[in-house]
Each structure stands twice: as structure tokens, then as C-alpha cells.
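This report looks at a sheet and at the meeting of two domains, for a reader who has not seen the structure before.

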Amino acid sequence: MNVPEKEEYVRALTRNFAAALHIREPSVRFVKISASPNYDPLRNRIELGYAILTLPSLIVRVTIAHEVGHATQRKALLLDLAADGLCKMLIIAVPWIVYGWTARDKPWDIVISATAFVLAYGTYICTARAARTKQAIALEVKADEIAAILCGSHSTLRALETLSTFSLIRPERLEAFRARLAQERST
Ligand SMILES: [Zn+2]
């Protein structure tokens, strides 16, 4: 297959997986060669580096199934983006509103607002980011589960194991997937 044929193959896979999951088909955009696969919930678009076209078909199938899995999470991802944007806006706006209300030309008024900003931003860094990382891993694991539904558990495991040797995926994903398979076998 030449490159346009491979691109069409990836688009057809995306179409078929989206139809199997009864969701709106995400568009596919090829970007620079080394970019990691990524799902953009704002545009409902999967972005892939051209390098994916050089990988074995099993890896391509599981990768596309995983990204289409993210498309099933579109609402959650959009809510997450909105909540994060609102949080950042409040961190910047609230200290200035406090400053506007309390400023009486005293030099420490700006210090109070600046301190409030630093405290709020510090709290955001420490808590919100950790929570978002945890949420992101949970969504990755869920997308792998959808890949397993579309491609089969063993194919998905083989693909994840191969990708993990290149450090292309979070180790937590592989651990979670192995644990899920072990649980399936024991029931
Ligand atoms: Zn993912």
C-alpha cells in the first residue's frame, strides 16, 4: 500500500469502529511524522503522526480503536477542559476582584491580592493537576477496554506490550489491562 492508500485504510478503520460503537465518526488528520496519536474532543478529531503508517497493522488497528474509544468519552473530556479553563480563569480573576473591592491606596493591598493568587495557583498545581492526571489515566484505561471490545483482548494486550517497549504508553495502562485480563480469566 502507498501512503494515500494507508491513510484511506486508517479512515475506513475509524469509520467502522465508530459505526460499531454507534457514535459520530471522528475525522482523522495526519500531522507531523513523530506526533503521538491524540484525540481532540473540541473538533471530534483524531490526530496521527505519519509514523503510524509504518507500524504493523495490529498496532495500527489497536491504536485507532483506542483513539475512537476516546471519542466515546467526548462529553467527559469537554467537561474536563471547561472545568480546567474555569478554574484557571477564577485563579486569575478572583484576586483582582478582591483587589478592586479592597484597595484603599495602601501598599499592602496589592500584596494581599498577589498572595491570594500565589496561594490559589499553588493549590491548583498541587490538587487539580494530580486529580486530572488520575482522571486522564482512568480515561486511557477505559479507551483500552474499548479497543479490546473492537480488536479482541489478546490483540490489544500484544499491541500494548509492543508499544510499552518503546515507552509510548503509560505503564499504568498495561498494568490495568493485564489486571483486567487476569480478572476475566478467573471469572
Ligand atoms: Zn489515549
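Two strands are said to pair if DSSP finds at least two bridges between them, and strands themselves are DSSP runs of E of at least two residues, numbered from the N terminus. In this predicted model, V31 stands opposite G49 in β3. Five bridges join β1 to β3, and these two strands run parallel.

The wider setting is an open sheet of three strands in the order β1-β3-β2, with mixed pairing. Because β1 and β2 each have a single partner strand, they stand at the edges, and one side of each is left without a neighbour in the sheet. On average, neighbouring strands of this sheet are turned by 30° against each other, when direction is ignored. Helix α1, residues 3-21, lies across β1 and β3 and runs at about 145° to β1.

The strands have these bounds:

| Strand | Residues |
|---|---|
| β1 | 27-31 |
| β2 | 38-40 |
| β3 | 45-49 |

At the level of domains, the assignment for the protein gives domain 1 as 3-71 and domain 2 as 74-186, and the centres of the two, taken over C-alpha atoms, are separated by 23 Å. Their contact takes 13 residues from domain 1 and 17 residues from domain 2. On the side of domain 1 that touches domain 2, the elements giving two or more residues are α1 and α2, the latter spanning 57-71. The largest share of that side, nine residues, comes from α2. Sorted by class, the side of domain 1 that touches domain 2 has eight nonpolar, four polar and one charged residues.

Methods:
Residues are numbered from 1 along each chain as its sequence is written. This is a predicted model: local features need pLDDT of at least 70, side-chain atom pairs count only at pLDDT 80 or more; totals for chains, interfaces and linings use all residues. Helices (H or I, at least four residues) and strands (E, at least two) are DSSP runs, numbered from the N terminus. Axes are lines fitted to C-alpha atoms, for helices over the stretch in contact, and angles run from 0 to 180 degrees between N-to-C directions. Two residues are in contact if their C-beta atoms, placed from the backbone, lie within 7 Å. Domain bounds come from an automatic or database domain assignment. Ala, Val, Leu, Ile, Met, Phe, Trp, Tyr, Cys and Pro count as nonpolar, Asp, Glu, Lys and Arg as charged, and the others, Gly among them, as polar.
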